Amino acid sequence: MALRLRDIRVELGGRQILAGASVLAAAGEVTGLVGPNGSGKSTLLRTVYRHLRPASGQVLLDEVDVWDLRPREAARDIASVPQETRAEFDITAREMVAMGRTPHKHPFAAATARDAEIVREALERVDALPLAGRHYATLSGGERQRVLLARALAQQTRVLVLDEPTNHLDARHQLDLMRLVRDLGMTTVMAVHDLNLAATYCDRLHVLRAGEVVASGPPEDVLTPGLLRSVFEVDADVIPHPRTGRPHLILSSLSTVEGGEPA
Ligand SMILES: Nc1ncnc2c1ncn2[C@@H]1O[C@H](COP(=O)(O)OP(=O)(O)OP(=O)(O)O)[C@@H](O)[C@H]1O
């Protein structure tokens, strides 16, 4: 199931935030959105998981606009892990993950043994089974992030939307999450700040700057020193990663004097 964002425009607070952004997330691939702070990555993702209706443009799942679906239908196709992990309810991690089953059940229907098994498996996949009985509100930022990913997995959709899924995670869990997402084989679109994680785990990248997509393609084609300088305002040495062969970036501030120490 491919996800195609076509010419998405969004205005917020009287300001144009997205100026006609188009992105293709191919079926079964991991598509990364990268770009500086405020470039519109989260806003674009919010139009996909139906938190924000675009002023114009389409969010197409195999040519069906997600904004034409009923909420339940959309939730059977698209699962999301938003950036905001505020705990509003006094529920356990297991109950939070079980919410992922809602679109598959009749309203007020009790959870089945199969639901419980799906929830358990989802918690296990993100290394959060020991947290199952804990109150969600008492979890650390990284623990919450993993539980929210488990909720998305329990939803059993074909499309996964992740907004900076690694930002609270320690080094091991960052790598575990990216590998898990890659190995799921789902159509995935994610905002990601860490360009080395993006380069290693994403099949394709779209670079946003000031609400526009300014480059798209495989990481090795997109993450060039010239683009990193013009969009991210950093100097970059791009070398093949000694283990994976994927591009690996060594970043320096633009003020670095050649051959000298960073200023
Ligand atoms: N409700 C709102 N009203 C006005 N402006 C908004 C609103 N929500 C977001 N913005 C603005 O839209 C722009 C894009 O925000 P967005 O969160 O999409 O960027 P981002 O690329 O995800 O940034 P970051 O990397 O910092 O997470 C920012 O300038 C932000 O201040």
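The following exercises, each with a worked solution, concern a predicted model of one chain.

Residues are numbered from 1 along each chain as its sequence is written. Because the model is predicted, local features need pLDDT of at least 70 and side-chain atom pairs count only at pLDDT 80 or more, while totals for chains, interfaces and linings use all residues.

**Exercise 1. Overall form**

Compare the radius of gyration of the chain with the value for a compact globule, and describe the secondary structure and burial of the chain.

Solution. Begin with the rule, in which the radius of gyration is taken over C-alpha atoms and the globule value is 2.2 Å times the number of residues to the power 0.38. For 263 residues this puts a compact globule near 18 Å, and the 19 Å of the chain agrees with that value. Next take the extents: along its principal axes the C-alpha trace spans about 65 × 40 × 35 Å. The secondary structure comes to 9 helices and 12 strands, where helices (H or I, at least four residues) and strands (E, at least two) are DSSP runs numbered from the N terminus. For burial, a residue is buried if 20 or more other C-beta atoms, placed from the backbone, lie within 10 Å of its own, exposed if 12 or fewer, and partly exposed in between; on this count 37% of the 263 residues are buried. Finally, with two residues in contact if their C-beta atoms, placed from the backbone, lie within 7 Å, 63% of the contacts between residues at least 6 apart in sequence join residues at least 24 apart.

**Exercise 2. The two domains**

Locate the domains, and describe the side of domain 1 that touches domain 2.

Solution. The bounds, which come from an automatic or database domain assignment, give domain 1 (3-218) and domain 2 (224-263). Their C-alpha centres lie 29 Å apart, and 10 residues of domain 1 are in contact with 9 residues of domain 2. On the domain 1 side, the elements giving two or more residues are helix H7 (195-201), strand S9 (204-209) and strand S10 (212-217), and H7 gives the most, with 4 residues. By class, this side divides into 6 nonpolar, 3 polar and 1 charged residues, where Ala, Val, Leu, Ile, Met, Phe, Trp, Tyr, Cys and Pro count as nonpolar, Asp, Glu, Lys and Arg as charged, and the others, Gly among them, as polar.

**Exercise 3. The largest nonpolar core**

Which residues of the largest nonpolar core touch the most other members, and which helix gives the largest share?

Solution. A nonpolar core is a set of buried Ala, Val, Leu, Ile, Met, Phe, Trp, Tyr and Cys residues joined through C-beta atoms within 7 Å. The largest one holds 68 residues, of which Val97, Val147, Ala150 and Val161 touch the most other members. Helix H5 (residues 141-154) provides the largest share, 7 residues, and the core draws at least three residues from each of domain 1 (3-218) and domain 2 (224-263). Turning to one of the central members, Ala150 touches Val97, Ala122, Leu123, Arg125, Val126 and Ala128, not counting residues up to four places away in sequence. Glu143 is also placed in helix H5 and counts as buried, with 22 C-beta neighbours inside 10 Å; leaving aside neighbours within four places in sequence, Glu143 is in contact with Ala128 and Leu131.

**Exercise 4. The ligand shell and helix H1**

List the residues around the ligand, and determine how far helix H1 is enclosed.

Solution. Taking a residue as near a molecule if its C-beta atom, placed from the backbone, lies within 6 Å of it, the shell consists of Leu12, Gly13, Ile17, Gly35, Asn37, Gly38, Ser39, Gly40, Lys41, Ser42, Thr43 and Ala191. By class the shell has 3 nonpolar, 8 polar and 1 charged residues, and its largest share, 3 residues, comes from helix H1 (residues 41-48). The buried residues of H1 are Lys41, Thr43, Leu44, Leu45, Thr47 and Val48; since 6 of its 8 residues are buried, H1 is largely enclosed by the rest of the structure. Just after H1, Arg50 takes a positive phi of about 65 degrees.

**Exercise 5. Two aspartates and an isoleucine**

Describe the setting of Asp7, Asp62 and Ile239.

Solution. Asp7 lies in strand S1 (residues 3-12), with a positive phi near 55 degrees, and is partly exposed, with 13 other C-beta atoms within 10 Å. Asp62, in the loop between strand S4 (56-61) and strand S5 (64-65), has a positive phi of about 45 degrees although it is not a glycine. Ile239 lies in strand S11 (residues 234-240) and is exposed, with 10 other C-beta atoms within 10 Å.
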